[in-house]
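Open the model in your viewer and get ready to click along. Each stop tells you what to select and what you should find there.

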Amino acid sequence: MKDLKHLIFFENLLQEANNDLVKKAQGEGKKALGYTCYFMPEVLLDLPGCFSVRLRAPRSGSPDMATYYMSNRTCHYGRALFERALEGGFNFLDAQLATETCTVTCRFQEHLGRMDVIKNPDFFVEFTDVPFKKNENSMVHFRKQLQVHVLDVLHDKLGIDVSDEALCKAIEEHNEICRLITEIGAYRKLDNPPITGYEFQVIQLVTLTCPKYLILPYLRETAEELKTREPEPKFPYRCRVVLAGAENDDPDFTKLIESCGALVVADRHCYGSLPGREAIVVEPGQAPLDAIARHYLNTSYCPRFMPQGEMRGRKKYLADIVKEYKADGLIVASNKFCEYWSYERTMDALILPRDYDIPTCSIEKEYVNASTGQLRTRFQAFVESVEIKKLQEAK
Amino acid sequence: MRKIRKEKKSCSGCRLLRVLCKLFAFLAAVYGILFTVFFFDLDGKLLFYVVEPFLVKHYDKMERRNPLDMPYDIKK
Amino acid sequence: MKMPEIKLPKPSAITAKLKEAAKLFPDPRDVKLPKNGEELKKAAHDFWYGKPHEERRLGDLYVDKTGLYKHREWRGVKDTFYYFHMIWLYNYANMVADIMKFGGLGIFAKGLWRYRWMGQTYLPVLHWFDRGLEGMRGEALRASAWHYRAMVCVSINQFMNMFKADAKLHNGAHNEAWKHSMAHKETVWGGVFYPWSDQYTNIPMEMIPYFVTCHVNNHTVLNYIDAVQSLGLPGDPCPMCQAEAGLFVLDDMPDYAPFVVTTNEACDGSVASTAIQDWFLNIPLFALPQPMQFDDPLVQEHCANEIRELWKFIEEQTGAPFNWEQLKKKLEAQNELQRFEWEKWDVAAKTSSYPINGVAQALYRIYQTQYGDHYIWHDTDRRVKKILYKCVEKKIDTFPKTRHRVIAWSCAPLYYSHWCTWAYNCWGLNTIINMDSLMFDMEVRTDTLDNCVMDMARYHEWAPMRRMAVGGLHHIFELWDYMERFNCDMVMMYDQLQCKGMQGVVGLFEDEFRKRNIHAIWMPHALPDKRTVSRSEIRRIINDYMSTVMKEEPLDPTLLEFDDDMSW
């Protein structure tokens with residue numbers, strides 16, 4: 001396939017949290033607001049006058065200083081973020097809008113608040129309490145939390161306009177991003193998609209880490225480009241897989257899977273687009289904040305949700321994605337020391353093959369994947385087993 | 001008659017005394033045994049070397065349902 | 001006719017066996033007879049009053065590796081016979097009486113035969129007393145033992161209730177007891193079920209099969225950890241949650257109730273492992289969430305509403321209406337327990353007459369507050385109150401060999417909860433208070449239902465392993481205030497290697513300890529799993545700190561090193 005026009009540009013944007021577009025937006029006087037989790041609605045951080053940056057620690061090495069603070073028995077992602085903060089990589093942040101949604105990212109954000117890590121005298125950390133259910137009580141609670149701990153704080157501390165008009169504008173911009181990502185992602189449902197999983201992940205990640213208004217023109221152009229992009233004459237992969245699991249902001253991990261012959265056709269993980277890139281619908285007469293609060297609770301399939309229907313429904317959701325994207329198998333990857341996904345992955349690996357006949361590969365990985373040799377062996381074996389299954393079914 | 005009665009009386013007293021003595025001896029023996037069990041941790045030793053290994057063997061041999069046969073009803 | 005051959009063991013084998021057996025008992029050659037009047041007088045004194053602390057040589061009493069005793073400790077006539085009568089005999093007798101009272105021997109035997117956690121754990125319960133009460137004397141022995149007795153009674157009550165209702169022990173039949181039981185995760189506070197407590201029994205699922213077993217016989221839980229890992233779960237999540245899930249994998253959870261209530265307390269692992277439990281339970285489930293940012297006044301209403309939702313769910317499931325009067329009655333009873341706990345803390349903080357040792361304080365408090373009101377807690381508190389008052393009035397120094405007043409912070413090793421007994425006997429480290437005891441530090445108002453529910457929400461949010469661990473780092477650093485309040489000069493910093501919340505804060509603690517010049521010993525452990533850090537490894541770490549940093553000599557050198565790897 002012909003290279004995407006902006007792919008290298010996008011890749012370069014992912015080399016640093018403080019990338020060129022972030023610098024440009026800050027140069028224009030906009031405030032940079034960090035966050036780590038889907039439960040902190042990025043749309044609220046993209047109000048006029050500020051922009052969201054979902055934190056990553058690209059090109060991380062060994063997080064030695066963070067390991068002193070958080071030991072080597074915590075999620076590598078949380079430690080890598082903290083290491084990056086200690087190195088000064090997040091000094092551009094004006095605030096961190098935090099959530100206590102998983103333990104180690106919570107601890108990372110608490111350290112930002114407690115220690116003088118971010119060299120910005122006005123920097124602050126504000127926590128929002130996120131409910132564990134999707135019932136009406138949780139919706140009301142979440143809305144209140146977002147009002148008090150996000151909107152009021154942004155207004156009072158940073159002078160951000162948080163009026164309904166401003167919210168509607170942010171929703172509009174956000175929805176355009178979602179529409180474009182959904183449009184681009186939908187190509188992956190084709191028998192021979194004109195986009196790889198790697199390319200898609202790069203595009204999805206830039207939408208999370210760059211100011212929306214600055215990335216949108218590139219995204220529009222890429223969406224246009226894909227309309228006419230010719231795929232390889234023959235499907236160049238041996239099978240199609242869905243990549244699910246915990247935090248994953250590493251396109252090289254997807255590249256590794258694809259280099260073993262499995263095209264990643266869907267991304268159901270913390271930094272993925274499924275769920276995450278659904279448009280926010282504001283019903284007539286509904287307050288925009290109410291729509292946002294409901295949207296983020298309703299669309300999430302995080303293993304943090306506790307009700308019985310939610311726990312069980314997550315398996316069905318995953319199976320539906322596999323079916324919708326015509327995948328031959330599923331790779332569930334969780335970061336070592338991630339409590340939520342350790343269990344979720346174990347159950348996915350047992351239930352999806354048994355109840356949905358979906359071949360599943362269960363992988364435990366680090367944030368920085370040094371052991372690519374071992375992973376490659378696992379993926380190659382999985383691809384072979386999927387191929388054998390397909391052959392047997394063909395007979 | 002009086003003599004006989006006296007003898008009888010002393011006899012029943014003796015018997016009672018003897019019963020009490022026996023009871024006391026029995027209780028003392030039980031107490032002594034219990035104290036020995038307590039002091040030399042014989043209860044612990046019995047449980048550690050005999051009862052627990054026996055029960056563990058039993059539990060290890062028990063037939064259990066295969067957890068993976070358990071259905072997972074999505075509609076709950 | 002050929003006679004069957006009888007194989008007799010060789011004489012040498014019999015001799016070897018006898019020699020082995022002899023090692024289980026004291027060697028008569030070790031008995032030193034007094035040689036002169038002075039020695040005779042001393043021997044008589046030791047016989048009557050027990051040996052002075054420094055001469056006890058408690059480590060010599062152990063049978064190698066097993067933790068069994070060649071003979072139980074001679075504590076002087078008064079305390080030995082107190083132990084024999086009021087602890088050993090009394091508790092064995094009361095265990096039988098409790099079993100009879102709560103359901104009978106038949107169902108007990110069935111349960112014992114069916115469940116590993118039952119048979120393997122609850123028979124050696126008196127050894128649990130022994131380990132926790134080693135070296136104790138006088139009022140400290142008495143008060144601590146009453147705490148143990150209460151925990152045994154409640155445990156028997158719970159497992160007998162489970163067995164009476166258990167369909168697995170009744171050929172799959174769902175009897176009346178089953179219909180009148182409410183199952184919940186052990187981390188759901190029992191108080192939320194009070195409104196139905198006159199008709200229905202709430203029974204925590206894992207409190208007996210998991211939590212208590214770890215303390216009594218730490219071998220049992222390993223089966224459950226291995227079971228859940230056999231499904232493919234990695235070894236690094238919290239071992240408590242692993243074991244709790246493993247019970248279901250091994251089909252060792254009684255089927256005793258028609259519905260279950262779960263919670264996110266204490267951590268991510270509890271939420272995640274519930275998914276496995278739900279799979280194998282397969283009954284209606286209500287998730288009772290507790291907000292994370294509990295200092296935020298906005299979360300209280302949300303939490304209170306969830307409790308109300310739970311009550312609606314229970315009403316739907318049972319058909320029995322919410323009973324406000326019953327709730328009030330039980331909460332008031334529980335408040336009474338809390339008030340006495342505050343008295344205890346006061347004595348512990350301000351005097352050297354606190355008669356409860358570290359392990360009894362920790363276990364009783366966490367058990368009582370988490371399980372909820374029960375008549376035995378009141379009985380026990382009445383007895384302990386008498387002892388406590390006596391100690392204060394007579395200014396009895398209950399732990400006279402105290403060199404350091406220790407506060408134990410974070411969550412404790414369940415397989416070595418009695419480390420504090422050892423630490424006092426060996427080094428004079430007296431554990432005054434611990435983090436889990438300080439959790440539910442409040443009374444619940446019963447004037448109006450609204451106030452009551454708001455307080456219940458708060459109470460629930462302050463649950464063990466949670467009050468200090470979530471909702472902001474400042475909670476966990478309340479340690480400094482408590483150190484001062486309880487007049488402690490040393491911290492035993494539990495280092496639960498698989499607790500992400502606590503691991504995520506180790507560096508800041510190190511910095512603070514240095515800055516404040518506080519003596520803190522980090523005690524690594526893996527909650528129920530003794531294979532990660534053994535008891536002897538824990539002792540070695542304390543020994544090293546005490547000898548190299550504190551430059552102190554042990555009170556009882558025989559306790560420095562011994563092998564109890566196979567012990568319960």
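In what sense do strand E5 and strand E7 of chain A pair, parallel or antiparallel, and over how many bridges? Select residues 239-245 for E5(A) and residues 329-335 for E7(A). The two pair in the parallel sense, over five bridges. Keep in mind as you go that this is a predicted model.

**Stop 1: around strand E7 of chain A**

Stay with E7(A) and pick out A:Ile331. Opposite A:Ile331 stands A:Leu243.

Now add strand E8 of chain A, residues 360-365. E8(A) also pairs with E7(A) in the parallel sense, and here there are six bridges. To see one of the partnerships, select A:Asn335 in E7(A) and A:Lys365 in E8(A), which are bridge partners.

Show the side chains of E7(A) next. In a regular strand, side chains alternate between the two faces of the sheet. Look for that pattern here: A:Gly329, A:Ile331, A:Ala333 and A:Asn335 point one way, while A:Leu330, A:Val332 and A:Ser334 point the other way. Is E7(A) mostly covered or mostly open? It is mostly covered, with seven of its seven residues buried.

Then bring in helix H14 of chain A, residues 339-356. Together, E7(A), H14(A) and E8(A) make a right-handed β-α-β unit.

**Stop 2: chain A as a whole**

Zoom out and colour chain A by secondary structure. You are looking at 15 helices and eight strands. The radius of gyration of chain A is 20 Å, close to the 21 Å that the globule rule gives for 395 residues, so chain A is as compact as a globular protein of that length. Its C-alpha atoms fill a box of roughly 65 × 45 × 45 Å along the principal axes.

How much of chain A is buried? Buried residues make up 57% of its 395 residues. As for contacts between residues at least 6 apart in sequence, 74% of them join residues at least 24 apart.

For a quick detour, select A:Lys2, in the segment before helix H1 (7-13) of chain A. Is A:Lys2 buried or exposed? A:Lys2 counts as exposed, because it has 9 C-beta neighbours inside 10 Å and the cut-off for exposed is 12 or fewer. Now draw a distance from A:Lys2 to A:Asn135: they are 133 residues apart in sequence and 48 Å apart in space, C-alpha to C-alpha.

**Stop 3: where chain A touches chain B**

Show chain B next to chain A. Here 10 residues of chain A are in contact with four residues of chain B. On the chain A side, helix H13 (308-324) and helix H14 (339-356) each supply at least two residues. H13(A) gives the most, with six residues. Colour this side of chain A by residue type and you get two nonpolar, three polar and five charged residues.

**Stop 4: where chain C touches chain A**

Switch to chain C and chain A. This contact takes 46 residues from chain C and 42 residues from chain A. Which elements of chain C give two or more residues to it? They are H12, strand E4 (285-288), helix H13 (297-318), helix H21 (500-503) and helix H22 (506-516) of chain C. H12(C) gives the most, with 10 residues. This side of chain C divides into 24 nonpolar, 15 polar and seven charged residues.

Select H12(C) by itself, residues 268-281. Its 14 residues reach 20 Å from the first C-alpha to the last, close to the 20 Å expected at 1.5 Å a residue. 13 of those 14 residues are buried, so H12(C) is largely enclosed by the rest of the structure. Just after the helix comes C:Asn282, with a positive phi near 60 degrees.

**Stop 5: the rest of chain C**

Show the whole of chain C: 23 helices and eight strands. Its C-alpha atoms fill a box of roughly 85 × 80 × 45 Å along the principal axes. Buried residues make up 54% of its 568 residues.

Finish on helix H18 of chain C, residues 449-461. Its buried residues are C:Val453, C:Met456, C:Ala457, C:Tyr459, C:His460 and C:Glu461. What do they pack against? Add H13 of chain C to your selection, and there is the partner.

Note on methods:
Residues numbered from 1 in each chain as written. Chains lettered and ligands numbered in written order. Predicted model: local features only at pLDDT ≥ 70, side-chain atom pairs only at ≥ 80, totals over all residues. Contact = placed C-beta atoms within 7 Å. Helix = DSSP H or I, 4+ residues; strand = E, 2+ residues; numbered from the N terminus. Nonpolar A, V, L, I, M, F, W, Y, C, P; charged D, E, K, R; others polar. Expected span 1.5 Å × (residues − 1). Buried ≥ 20, exposed ≤ 12 C-beta atoms within 10 Å, placed from the backbone. Rg over C-alpha atoms; globule rule 2.2 N^0.38 Å. Pairing = 2+ DSSP bridges. Right-handed = clockwise from strand over helix to strand, strands pointing away.
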